[in-house]
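These are my notebook entries on one structure. I looked up how its chains are related, where they meet, and what surrounds its DNA strands.

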There are 4 protein chains.
Amino acid sequence: MAPVTNDETAVRRRIPTQGRSRARVERILDAASQIVLADGIEALTTRTVADVAAMPVASIYQYFSDKDAVLLAICERDMAEMDEQVAADLGRLTRLSVRSVVETTMRAYVTVYHRRPAFMQIWLRGRTNNAVNDYGRRHNQRTAADLLAFARERDLVTPDTPAAVAELGVEIGDRVFQLAFEKEVRGEPFLIEEGIEMVVAYLERHATPAGLEGVPA
Amino acid sequence: MAPVTNDETAVRRRIPTQGRSRARVERILDAASQIVLADGIEALTTRTVADVAAMPVASIYQYFSDKDAVLLAICERDMAEMDEQVAADLGRLTRLSVRSVVETTMRAYVTVYHRRPAFMQIWLRGRTNNAVNDYGRRHNQRTAADLLAFARERDLVTPDTPAAVAELGVEIGDRVFQLAFEKEVRGEPFLIEEGIEMVVAYLERHATPAGLEGVPA
Amino acid sequence: MAPVTNDETAVRRRIPTQGRSRARVERILDAASQIVLADGIEALTTRTVADVAAMPVASIYQYFSDKDAVLLAICERDMAEMDEQVAADLGRLTRLSVRSVVETTMRAYVTVYHRRPAFMQIWLRGRTNNAVNDYGRRHNQRTAADLLAFARERDLVTPDTPAAVAELGVEIGDRVFQLAFEKEVRGEPFLIEEGIEMVVAYLERHATPAGLEGVPA
Amino acid sequence: MAPVTNDETAVRRRIPTQGRSRARVERILDAASQIVLADGIEALTTRTVADVAAMPVASIYQYFSDKDAVLLAICERDMAEMDEQVAADLGRLTRLSVRSVVETTMRAYVTVYHRRPAFMQIWLRGRTNNAVNDYGRRHNQRTAADLLAFARERDLVTPDTPAAVAELGVEIGDRVFQLAFEKEVRGEPFLIEEGIEMVVAYLERHATPAGLEGVPA
DNA sequence: AATGAATGAGGATTCATTCAT
DNA sequence: TATGAATGAATCCTCATTCAT
């Protein structure tokens, strides 16, 4: 699956992709992640970021058009990793079915949420922020489209399965994670497991016999 | 089902239930609803409320201990209505099954969201706010417990169905609504319908044969 | 010694001296004392007083012209007691000298500060308040005049001792108490003892031989 | 005597010591001084300071962590001058005795109070403020310790003179000034003179013969 | 006499963002 | 490119006091 790219941030203000600047951008991103992780998204102010990144507030505006752009950049950075994880884990499957695809995808998400707790915080708990929210919505749509294409190509779902069904599946998966990670940093296992079951049960309504029984990858 | 009551707001500062004061409280509540509805929950400040309600900021504090209390009061007011709607609609059912109970309950919610758009806004889009969020969490738990008891008494679900399953059902229903009402003030019909299917499909995993086929009310 | 009376409060607004009203005034005074004692003079607001006194805020204005008047009333009430204590203790002396008069007077103050901790709080720690401060200044002047007359009549001090000397003695005694009671509710004993010595040493500069050696009362 | 330094303010927020910023800090300090001098310490609000300093309220927070820090900064600035004045005047003495040391020190204070009326206002009349009060207490202790060491080294007081005696001396001197400057901006001369006598009389109780008669500096 | 209700006038502090250098 | 400095615009909340009843 192709990673979902979003150029908006880069457009708003040119973000350098190499050299010393690159390092400073990373420092800002890391600082922001750290703050959100430690004290929640409301604690993220230009000052706190600048303090943690040990650079002047004004420097943030050298690389980012505004505060939201920082959040978005983190999302993009870590979301690329997320997409890669999903692609890799799906690629490793030997037997494909609606269940195995859903399960693998959702567990890949959990893997990354565990590896990137700050991203989890921003992504699952910081959806307050409009920029984050919009990005999320778009990413979910793209992910749904990709997954649907993937499943259709392999005859796991009926050809007439509407895009909206895939989208709902992804969105609900998303909400399940929001719920599971709400109180528990590692996500409540029961909620995660049951959430997977729920999405599987829902999507299997559109599965082909092959999608139900599974086929060699 | 017993309505979920939460006296916290009233406790924080006495809210009069009659007389002219009552009217001013309503004016504040309505102003707040209007603001949230029009510009989102972040637009709700003591000043905007006071302006819209055409009264001094200080007057708000005559009736509410703080800003959160205003939000909470709206939730309580409209949530009581919600509970009544659910109870009434369930009471009108002639045939009970997991599906009919879930469907009726969720549609009752939609009914109230349509009737109370500001509440919808606060409830579904304003979960940012901690006070609202906490109240929501508690209300969801209570609702889940009530519904589970209701289903158990009528043998619709297996006796060992864990409380967490009901909670997940309610929470996911909640999230489905958040999703459906995110862009569309009336809620996206497709998402609502499919969301109902999803919750039904999930909960039927714990249904008794009676719960699947249905029994006379 | 005649008690120092200050009618200002009563003038500002008529304070009833009998009947049910009297009881309500006392309740306000006691509430205020309690608050100041417990949380300092900044905690004294019309609302806190009303709450503790279990009556509406507006009722306070029935008896007192403003917040300051409440403080003043406490001062007057307890200061009368102070004056009585001083007069009584001086009256019990069998041998009069500058030292014995100063010592007796200052110890009488300590006695009352111990008996009326709220008064101590207002008087010694709450001199912030202009009303209290002004009242204090006036009372100190009157006390100084009374004591000087007392000492002169008995030939304890030289006839030409200026009033200002007595005033300074009283004022410094006052400051010694402020200092001694600053941290310690009962007053730091060392500071009290030394303070007495200081005032005695100062005033003995104006003593007659009789005032130094002492004369039968 | 070493000046009493207190870095708290500078720590709370970096105060620039040179350049244009320095000038703005001075403007704030001067504005605050002016306000306190004109209308008392209660008139000192962020807004009044900003108005008088002709800069936005927010700018105050560029240099000071909070309102108290402004007061403290004035105290520190002028108290340093005070310490220098005392040290200089003591250094100029040709004959040392308890009396000459006390007298010189107290007159040095008066000199600075005359030169810095705003400081006098804050220091002597603004002890209301907790920050000022705490700073004052600490400074008094330090001053007492320094003076005691000074006097001991020169055998002016008995070696066993307790620290508390010096502290009481300083504190009472402080209170004498509070009293003398209460109504009179230049301090009531009589009160100042008599106050000096009082402190001298008290401290001479702990003087050595040398401390009474005086020794060459 | 008593009081519920109403409010004008502040008060401290925060924050994202923009410039001049 | 980098940044120290500056600030407009808000934000929530408190309090003493006054009326109409």
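**Entry 1: chains A and B as copies.** I laid chain A on chain B and obtained an RMSD of 0.4 Å, with a turn of 178° and a shift of 0.0 Å along the axis. The two copies are thus related as by a two-fold rotation axis. The superposition is by least squares on the C-alpha atoms of residues with pLDDT of at least 70 in both copies. I noted that this is a predicted model, in which local features need pLDDT of at least 70 and side-chain atom pairs count only at pLDDT 80 or more, while totals for chains, interfaces and linings use all residues. Residues are numbered from 1 along each chain as its sequence is written, chains are lettered from A and ligands numbered from 1 in the order in which they are written, and side-chain values use heavy atoms, with hydrogens and water left out.

**Entry 2: the contact of chains A and B.** I counted residues in contact (heavy atoms within 4.5 Å) and found 24 from chain A and 23 from chain B. Of the interface residues of chain A, 92% are also interface residues in chain B, so the copies meet through the same surface. The two chains bury about 2,300 Å² between them, and carbon and sulfur atoms give 66% of this area. Buried area here is the accessible area (1.4 Å probe) that two parts lose on being put together, summed over both. Arg175(A), Leu179(A) and Met198(A) supply 27% of the area that chain A buries against chain B, more than any other three residues.

I then looked for salt bridges (a side-chain nitrogen of Lys or Arg within 4 Å of a carboxyl oxygen of Asp or Glu). The interface of chain A and chain B has six. In one of these salt bridges, Arg137(A) pairs with Glu182(B), and the closest N and O atoms are 1.9 Å apart. Helices H8 (130-153), H9 (163-183) and H10 (189-203) of chain A each give at least two residues to the side that touches chain B. Helices are DSSP runs of H or I with at least four residues, and strands are runs of E with at least two, numbered from the N terminus. H9(A) brings the largest share, 10 residues.

**Entry 3: chains D and C.** I repeated the superposition for chain D on chain C; the RMSD is 0.4 Å, the turn 178° and the shift 0.1 Å along the axis. Here 96% of the interface residues of chain D are also interface residues in chain C, so these copies meet through the same surface. The contact takes 23 residues from chain D and 24 from chain C. About 2,300 Å² is buried between them, 65% of it on carbon and sulfur atoms. On the side of chain D, Arg175(D), Leu179(D) and Met198(D) lose the most area to chain C, together 27% of what that side buries.

I recorded seven salt bridges between chain D and chain C. One of them joins Glu182(C) to Arg175(D), with the closest N and O atoms 3.4 Å apart. Helix H9 (163-183) and helix H10 (189-204) are the elements of chain D that give two or more residues to the side touching chain C. The largest share, 11 residues, comes from H9(D).

**Entry 4: DNA strand E.** Which residues come nearest to DNA strand E? Of the 29 residues around this strand, they are Arg24(B), Gln62(B), Tyr63(B), Arg24(C) and Tyr63(C). A residue is near a strand if one of its heavy atoms lies within 4 Å of it. Of the atoms of DNA strand E within 4 Å of the protein, 66% belong to sugar or phosphate and the rest to bases. A phosphate oxygen of the strand is 2.7 Å from an N or O atom in the side chain of Tyr63(C). A base nitrogen is 3.4 Å from an N or O atom in the side chain of Gln62(C). Thr46(D) places a backbone N or O atom 3.0 Å from a phosphate oxygen.

**Entry 5: DNA strand F.** I found 30 residues around DNA strand F, the nearest being Arg24(A), Thr45(B), Arg24(D), Gln62(D) and Tyr63(D). Sugar and phosphate account for 65% of the strand's atoms that come within 4 Å of the protein. Phosphate oxygens of DNA strand F lie 2.8 Å from a side-chain N or O atom of Ser59(A) and 2.8 Å from one of Tyr63(A).

Note on methods: Polar contact = N/O pair within 3.5 Å; in protein donor to acceptor, adjacent residues only side chain to side chain.
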